Amino acid sequence: MSDAKTKTIADNRKVRHEYELFDRYEAGIQLKGTEIKSVRKGKVQLKDSYISIRDGEAVIKGMHISPYEFGNRFNHEEVRDRKLLLHKKEILKLDQSVRLKGYTLVPVRLYLNHGLAKLEIAVARGKNLHDKRETAKKRDAQREIQKALKERY
């Protein structure tokens with residue numbers, strides 16, 4: 001998704017370390033008032049956020065959007081539940097994978113696509129401590145291989 005009209009606002013790097021990611025989806029976010037202005041300024045944090053499905057709707061919880069500094073008394077709440085805009089079939093598929101397979105829905109990154117705020121979400125499974133160590137070991141080995149190849153040529 002490295003389009004010329006796409007700008008990454010927030011990236012949840014902790015998710016890649018803590019979870020094994022499977023399917024990815026693109027979802028719109030229902031924002032209120034001055035939230036989009038804060039998003040465009042990059043005042044967003046996805047660190048402790050997660051996605052839940054209730055009553056046939058996908059909702060992101062724990063996403064922090066700082067108040068817009070030039071706003072007035074009608075400024076938005078910093079942390080609130082925000083509805084995600086997905087197709088009904090996608091929501092049913094996500095709900096099924098969470099309930100039956102025991103997966104988790106996590107936000108991966110927030111970006112602007114043609115001026116609209118989009119959230120990349122992933123179906124994930126938590127890693128154990130030895131899985132994290134194994135991933136780090138593979139990454140270090142790959143880095144050493146690349147370094148040796150660079151020196152050789």
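## A pair within helix α4

In this predicted model, D140 and R143 make a salt bridge, with 3.2 Å between the closest N and O atoms. Both residues sit in helix α4 (residues 129-152), where they are three residues apart, or about one turn of the helix. D140 is partly exposed, at a relative accessible area of 39%.

## A buried pair and its network

Salt bridges with shared partners tie R24, R109 and E120 into one network. Within it, E120 pairs with R109, and here the closest N and O atoms are 2.9 Å apart. This contact links distant parts of the chain: E120 belongs to strand β9 and R109 to strand β8 (residues 104-113), with their positions 11 residues apart.

Are these two partners buried or exposed? E120 has a relative accessibility of 10% and counts as buried. R109 is buried too, with a relative accessible area of 10%. Both values fall under the 20% cut-off, which is why the buried label applies.

## Bridging β2 and β9

Strand β9 turns up again with R125, which forms a salt bridge with E20 at 3.2 Å between the closest N and O atoms. The two are 105 residues apart, so to speak across the chain: R125 is in strand β9 (residues 116-126), while E20 is in strand β2 (residues 19-29).

As for exposure, R125 is partly exposed with a relative accessible area of 38%, and E20 is partly exposed at 35%.

## The overall tally

Searching the whole structure turns up 13 salt bridges. Among them are D140 with R143, E120 with R109 and R125 with E20.

How values were computed. Residues numbered from 1 in each chain as written. Predicted model: local features only at pLDDT ≥ 70, side-chain atom pairs only at ≥ 80, totals over all residues. Heavy atoms only, no water. Salt bridge = Lys/Arg side-chain N within 4 Å of Asp/Glu carboxyl O. Helix = DSSP H or I, 4+ residues; strand = E, 2+ residues; numbered from the N terminus. Buried < 20%, exposed > 50% of the residue type's maximum accessible area, 1.4 Å probe, protein only.
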